[in-house]
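Trainee: Could you take one part of this model and go through it closely? I would like to see how its residues connect to the rest of the chain.

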Amino acid sequence: MPDSPADPALSWTPDAATHLGRLARLTADAASAGLDAVLVAPGPDLRYLLGRDTGSHERLTALLVRPGRDPLVVVPTLERPGWAGTVAEASGIEFVAWSDGEDPYAAVAAALPRGARLAVDDQLPALHLLAL
């Protein structure tokens with residue numbers, strides 16, 4: 001039954017070398033485009049890069065890839081345990097956890113230069129895009 005949630009093709013996770021290579025290519029492409037960062041929300045792009053694509057739409061979860069700097073994942077504190085043991089955690093990606101009542105957009109802004117040129121993927125809800 002290929003559409004079963006237990007199907008390995010649907011729960012695929014990149015190995016460390018594949019994951020790091022994909023992040024390196026995205027970082028290089030962002031630098032070539034003159035971008036300060038690329039923000040990737042839960043969806044197919046995040047699954048391709050980190051092997052995980054879950055996150056709530058009302059709470060910001062995002063991968064921030066920045067040329068010349070290490071990537072980071074901004075994630076709600078209540079969802080942080082779900083990232084334990086993932087290839088992202090194992091590769092040393094920084095996680096910035098935020099709690100209800102805190103401003104996750106300030107965490108993103110603090111990781112960027114003032115006036116940053118930021119690209120976002122098409123999975124980012126407008127609610128988060130407008131708050132950035």
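**The cavity and its surroundings**

Mentor: The largest cavity has a volume of about 50 Å³. The model is predicted, and the structure holds one cavity of 30 Å³ or more. We can start with the lining and then follow two of its residues outward.

The lining of the largest cavity is made up of Ala 41, Pro 42, Ser 56, His 57, Arg 59, Leu 60, Thr 61, Gln 123, Leu 124, Pro 125 and His 128. Sorted by class, five of these residues are nonpolar, five are polar and one is charged. Arg 59 is the charged one, because Arg belongs to the charged class along with Asp, Glu and Lys. Two lining residues, Arg 59 and Thr 61, are worth following in turn.

Take Thr 61 to begin with. Thr 61 sits in the loop between H2 and S2. Is Thr 61 buried or exposed? Its relative accessible area is 2%, so Thr 61 is buried; the cut-off for buried is under 20%. The side chain of Thr 61 is in polar contact with the side chain of Glu 79, at 3.2 Å.

That contact leads to Glu 79, which is placed in the loop between strand S3 (72-76) and helix H3 (87-90). Glu 79 is buried and has no salt bridge. Which side chain of opposite charge is nearest to Glu 79? It is Arg 59, at 5.5 Å. A salt bridge needs a nitrogen and a carboxyl oxygen within 4 Å, so this pair does not qualify. What Glu 79 does have is the polar contact with Thr 61, side chain to side chain.

Now for Arg 59. Side chains of opposite charge can pair when their charged atoms come close. How many salt bridges does the model have? The count comes to three. One of them joins Glu 58 and Arg 59, whose closest N and O atoms are 3.6 Å apart. Another joins Arg 59 and Asp 100, with 3.0 Å from N to O. This second pair links distant parts of the chain, 41 residues apart. Arg 59 is in the loop between helix H2 (44-50) and strand S2 (62-65), while Asp 100 is in the loop between strand S4 (94-98) and helix H4 (104-110).

Taken together, Glu 58, Arg 59 and Asp 100 form a network of salt bridges. Glu 58 has a relative accessibility of 53%, so it counts as exposed. Arg 59 counts as partly exposed because its value is 22%, and the range for that class begins at 20%. So Arg 59 lines the cavity, takes part in the salt-bridge network and still has some accessible area.

There is also a salt bridge between Glu 89 and Arg 80, at 2.9 Å from N to O. Glu 89 is partly exposed because its relative accessibility is 29%. Arg 80 is partly exposed as well, at 22%.

Back at the loop between S4 and H4, Asp 103 is also found there. With a relative accessible area of 44%, Asp 103 is partly exposed. A polar atom of its side chain lies 2.9 Å from the backbone nitrogen of Tyr 105. The C-alpha atoms of Asp 103 and Ala 131 are separated by 9.9 Å, and the two residues are 28 apart along the chain.

Strand S2 (62-65) follows the loop that holds Arg 59. Elsewhere, Leu 118 lies in strand S5 (residues 118-120), and its C-alpha is 9.6 Å from that of Leu 64, although the two are 54 residues apart in sequence. Leu 118 is partly exposed because its relative accessible area is 30%.

To recap the part you asked about: the cavity has one charged residue in its lining, Arg 59 is linked with Glu 58 and Asp 100 by salt bridges, and Thr 61 makes its side-chain contact with Glu 79.

How values were computed: Residues are numbered from 1 along each chain as its sequence is written. This is a predicted model: local features need pLDDT of at least 70, side-chain atom pairs count only at pLDDT 80 or more; totals for chains, interfaces and linings use all residues. Side-chain values use heavy atoms; hydrogens and water are left out. On a 1 Å grid over the protein atoms alone, a cavity is a set of points where a 1.4 Å probe fits but cannot get out, and a pocket is an open set with protein on both sides within 12 Å along at least five of seven lines; lining residues have an atom within 4 Å of a point. Grid points are joined across faces, edges and corners, and a volume is the space filled by probe spheres set on the points. Helices (H or I, at least four residues) and strands (E, at least two) are DSSP runs, numbered from the N terminus. Buried means under 20% relative accessible area, exposed over 50%, partly exposed in between (1.4 Å probe, protein chains only). Lys and Arg count as positive and Asp and Glu as negative; His and the chain ends are not counted. A polar contact is a pair of N or O atoms within 3.5 Å; within protein, one must be able to donate a hydrogen and the other to accept it, and residues adjacent in sequence count only if both atoms are side-chain atoms.
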